[in-house]
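Here are a few comments to go with the coordinates. Have a look at the structure first, then read on.

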Amino acid sequence: MYVCVCNAIRECELRRAARLVPGDAEAVYAALGKKPDCRTCLDEAEAIVVVEREATPVRAVAA
């Protein structure tokens with residue numbers, strides 16, 4: 001399922017990135033090389049990020 005149609009971000013991609021990238025949904029989008037366009041997906045994306053992180057703590061990304 002696509003979470004963000006504008007950027008063709010699938011739910012599985014968002015969940016995977018949420019486990020690796022700290023920050024909000026916009027930070028996760030940035031890690032995927034994307035940025036919100038119409039922004040209608042952000043509430044759903046943020047909810048997915050929160051649920052994914054509750055299940056799996058975010059790992060620190062080496063700089």
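The points below cover the core, one loop and the cysteines.

1. Before anything else, keep in mind that this is a predicted model.

2. Start with the core. The largest nonpolar one has 15 residues, and the residues with the most contacts inside it are Val-3, Leu-14, Val-28, Tyr-29, Ala-45 and Val-49. Two or more residues each come from β1 (2-4), α1, α2 and α3 (42-55), with α3 giving the most, at four residues.

3. Val-49 is a good place to zoom in. Leaving aside residues up to four places away in sequence, Val-49 touches Leu-14, Ala-18, Gly-23, Ala-25 and Val-28. Leu-14 and Val-28 also show up with Val-49 among the core residues with the most contacts.

4. Next, Asp-24, which sits in the loop between α1 (11-20) and α2 (25-31). A polar atom of the Asp-24 side chain lies 3.0 Å from the backbone nitrogen of Ala-27. Asp-24 has a relative accessible area of 39%, so I'd call this residue partly exposed. Its C-alpha is 9.9 Å from that of Ala-47, a residue 23 places away along the chain.

5. Now the cysteines. How many disulfides does the structure hold? Zero. For Cys-38, the closest cysteine sulfur is the one in Cys-6, and at 3.6 Å that is too far for a bond, because a disulfide needs the two sulfurs within 2.5 Å.

6. On cysteine exposure, Cys-38 is partly exposed, with a relative accessible area of 45%. Cys-12 also counts as partly exposed, at 44% relative accessibility.

Technical notes: Residues numbered from 1 in each chain as written. Predicted model: local features only at pLDDT ≥ 70, side-chain atom pairs only at ≥ 80, totals over all residues. Heavy atoms only, no water. Buried < 20%, exposed > 50% of the residue type's maximum accessible area, 1.4 Å probe, protein only. Polar contact = N/O pair within 3.5 Å; in protein donor to acceptor, adjacent residues only side chain to side chain. Core = buried A, V, L, I, M, F, W, Y, C linked by side-chain atoms within 4.5 Å. Contact = heavy atoms within 4.5 Å.
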